[in-house]
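This briefing covers one protein chain, taken topic by topic. Please keep the structure open while reading.

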Amino acid sequence: TKKPAPPAPTNTPKPPAATAWTWTARLVGPGEDSQICSPPGGNLQIRVTVVDANGNQIPGVWIYDKYSQQYQVTGNVGSPDWGPGETKFEYGQFGGGSLCIAQGQGGPCVTEFTRDMPCFVRPPFEDMWAAGYCACCNAEVAADKELCRQWYDSNQGCLPGFHHYSWRVVFKRNW
């Protein structure tokens, strides 16, 4: 008698590998890091911090910005206000970035790119609200998200379209 053939293997999907890196980004609000309500408003900058799974800063990590096509390495800012796992990208008029962790200077990205972070043109409403820019208008607008959205949509002067905006990005290595 002939033995039956073993069943053909099935393509059982494997669970996705744990994400090696994650990132967060937030708009810096008025009263923090030289940001103010009235134009020009402070820095045109993205400050990057790279940390390990325990929250310790990691020096020597290369970051790439797809718009300026510049690379920066963590630990390159010679100031006591900056840690060994930090660097910054500075921009001019109409600047802003989208960043990734790069495989060395000039190397390809080893992470996905962050979201777009405009540093001169007005960021999306949800970022402006979360950062507290509605307080630049008046107490009523600061307390009412829908009223603030109306002012934002109508391009009211208290929520300037062209300004100097700053962002904070944290890349976290998950191993």
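Aspartate 33 is partly exposed, with 31% relative accessible area. The model discussed here is predicted, and the chain's pLDDT averages 90. The points below start with the loop that holds aspartate 33, then turn to confidence, the two sheets, a buried threonine and a helix.

**The loop between E1 and E2**

- Aspartate 33 sits in the loop that connects E1 and E2.
- Its phi is positive, about 50°, although aspartate 33 is not a glycine.
- Serine 34 belongs to the loop between E1 and E2 as well, and this residue also has a positive phi, of about 70°, without being a glycine.
- Serine 34 counts as exposed because its relative accessible area is 54%, and the cut-off for exposed is over 50%.
- Aspartate 33, at 31%, is therefore classed as partly exposed, a class that lies between under 20% and over 50%.
- Proline 40 is another residue of this loop, which runs between strand E1 (21–27) and strand E2 (45–51).
- The peptide bond joining proline 39 to proline 40 is cis, and its omega is near 5°.

**Confidence**

- A pLDDT of at least 70 is reached by 90% of the residues.
- Residues 12–16 stay under a pLDDT of 50, and the model gives this stretch zero contacts beyond four places in sequence.
- Where pLDDT is low, the predicted coordinates should not be read in detail.

**The four-stranded sheet**

- Four strands make up an open sheet with mixed pairing, in the order E1-E9-E2-E5.
- E1 and strand E5 (86–90) are the edge strands, and each of them pairs on one side only.
- From one strand to the next, the twist of this sheet averages 20°.
- E1 and strand E9 (residues 166–173) run antiparallel and are joined by seven bridges.
- Opposite leucine 27 stands tryptophan 167, a residue of E9.

**The three-stranded sheet**

- A sheet of three strands, also open, has the order E4-E3-E7, and its pairing is antiparallel.
- Strand E4 (70–73) and E7 stand at the edges with a single partner strand each, so one side of each has no neighbour in the sheet.
- The twist in this sheet averages 30° from one strand to the next.
- Four bridges link strand E3 (residues 62–65) with E4, in the antiparallel sense.
- Aspartate 65 has glutamine 70 of E4 as its bridge partner.
- Tyrosine 64 faces another tyrosine across the pair, since it stands opposite tyrosine 71 in E4.
- E3 and E4 form a hairpin, with four residues between the two strands.
- Glutamine 69, in the turn of that hairpin, has a positive phi of about 60°.

**Threonine 114**

- Is threonine 114 buried or exposed? Threonine 114 counts as buried, because its relative accessibility is 5% and the cut-off for buried is under 20%.
- Threonine 114 lies in the loop between strand E7 (99–102) and strand E8 (117–118).
- Leaving out residues up to four places away in sequence, threonine 114 touches Trp23, Ser98, Leu99, Val169 and Phe171.

**Helix H3**

- At the start of H3, a side-chain oxygen of aspartate 144 comes to within 3.1 Å of the backbone nitrogen of glutamate 146.
- Leu147, Cys148 and Tyr152 are buried in helix H3 (residues 145–153).
- Seen down the helix axis, the buried residues of H3 fall within an arc of 145°, so they line one face of the helix.
- An α-helix has 3.6 residues a turn, so residues three or four places apart point the same way.
- The exposed residues Gln150 and Asp153 are carried on the face of H3 that is turned away from its buried side.
- Helix H1 (125–131) and helix H2 (139–143) are included in what covers the buried residues of H3.
- After H3 comes asparagine 155, with a positive phi near 60°.

Conventions: Residues numbered from 1 in each chain as written. Predicted model: local features only at pLDDT ≥ 70, side-chain atom pairs only at ≥ 80, totals over all residues. Heavy atoms only, no water. pLDDT = per-residue confidence, 0-100. Contact = heavy atoms within 4.5 Å. Buried < 20%, exposed > 50% of the residue type's maximum accessible area, 1.4 Å probe, protein only. Pairing = 2+ DSSP bridges. Axes fitted to C-alpha atoms, helices over the stretch in contact; angles between N-to-C directions. Arc of directions from axis to C-beta. Polar contact = N/O pair within 3.5 Å; in protein donor to acceptor, adjacent residues only side chain to side chain.
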